Structure formats: structure tokens, C-alpha cells
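Hi,

Here is the structure I promised to pass on. Have a look at it first, then read my notes underneath.

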Amino acid sequence: MKVLVFVKATPDSEKGILPSGEKLSRMLTDMGKFNDQLIKAGILKDADGLKPSRSGKRVTFSDSGYTAVIDGPFAETKELVAGYWIWNVKSMDEAVEWAKRCPNPMPGEEGMVEIRPAYSEEEFVALLPEEMRPSLNVPKSAKKAPKKKPGKRPNKRAKRPASRAKSKK
């Protein structure tokens, strides 16, 4: 299962202020070790830190077709994201166990991460009304396959019935 792990922003991260001296050195060392563990376990797929929201933009949409662009910075620091990981884990419980092992991503402040599972193709398609599924350009792997009955697998090399056998000339 794919999960996104968001590192929540803090007032200092929103100001672009990094920890100083020993705190920064220790955070980089500890985070590097943690990321190495994630890589060795085959869990880490991507990760990055984000610039403060003053460098960002928001685009809003309406059903009438109107769009608006809002320049950062954005209020409510606690709702902002300062970085992320993309992990591939077996379960949410496994993601939580890995997150608990994470060093504080915001030394000197109360750090927080938020773990959010991504929809698989199958889960997303299952949310759609039945009549919409065939009209979408959905990969075949995402469409519900009929359940196979347990038992003998068909022999693909079975002989053709005599009436349909090819004649040799």
C-alpha cells in the first residue's frame, strides 16, 4: 500500500529558519540514517523538503470555469506541509511503526508527521458508480475481474476434439 507521510510545517520552517549548529548536524545525520533504513527495507519511494509557502501558489477552481491564483505565504502554519515521504508498506500499522522511529523532523520545536494512504486503482474504481466504470479509460488491471473458482486449472494444451482436429496433408 502506498502512503504519503507529510512533515507538518512549523513557524520556523515557514520562515525558512533551519535549526542551528549541533541541532542541524544531528538532525541531518539522524534523518540520513532513518532514510537509509527505509531504503534498505524497500519502503522509501521518494522524499523531499518543501520551500516555505511564501514560494508557493494556490490555484482555486469553480464549477463556472473561473480560476484564481493566490500567492503565498499562506496562513495557518499548522495546516501546511514542510516535506514528505512516499512509502510502500504492507499496512497502515507498519507505516505508523516506521513513523514512530523517525527522528524529530523539527528539532527545537514539536514536530509532527501525518500519514495518508493513497487509493489503489481498484479502490478508486470501486468508488465510482457502476455505470461510469466502462466509460472511463481505466487500465484493465483496475477493473474488477470475476472471481475464480477454486479447483482445477484448465489445461491450455488439451487436445482438440476429433471433429475439429486439423488434418495433415
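Below is what turned up on the nonpolar core and the aromatic rings.

Keep in mind that this is a predicted model, where local features need pLDDT of at least 70, side-chain atom pairs count only at pLDDT 80 or more, and totals for chains, interfaces and linings use all residues. Numbering starts from 1 along each chain as its sequence is written, and side-chain values use heavy atoms, with hydrogens and water left out.

Let's start inside. The largest nonpolar core (buried Ala, Val, Leu, Ile, Met, Phe, Trp, Tyr and Cys joined through side-chain atoms within 4.5 Å; buried is under 20% relative accessible area with a 1.4 Å probe, protein chains only) has 21 residues, and Val3, Phe34, Leu38, Trp85 and Trp87 touch the most other members. At least two core residues come from each of strand E1 (2–8), helix H2 (21–40), strand E5 (81–88) and helix H3 (92–101); these are DSSP runs numbered from the N terminus, at least four residues for helices (H or I) and at least two for strands (E).

Now the rings. There are five aromatic pairs, meaning Phe, Tyr or Trp (six-membered ring) centres within 6.5 Å, with planes under 30 degrees apart stacked, over 60 edge-to-face and the rest tilted. Phe34 and Trp85 are edge-to-face, because their ring centres are 5.8 Å apart and their planes at 80°. Since Phe34 is in helix H2 and Trp85 in strand E5, the pair ties together parts 51 residues apart in sequence. Both residues are buried, and Phe34, Trp85, Trp87 and Trp98 make up one aromatic cluster.

Cheers

Note on methods. Buried < 20%, exposed > 50% of the residue type's maximum accessible area, 1.4 Å probe, protein only.
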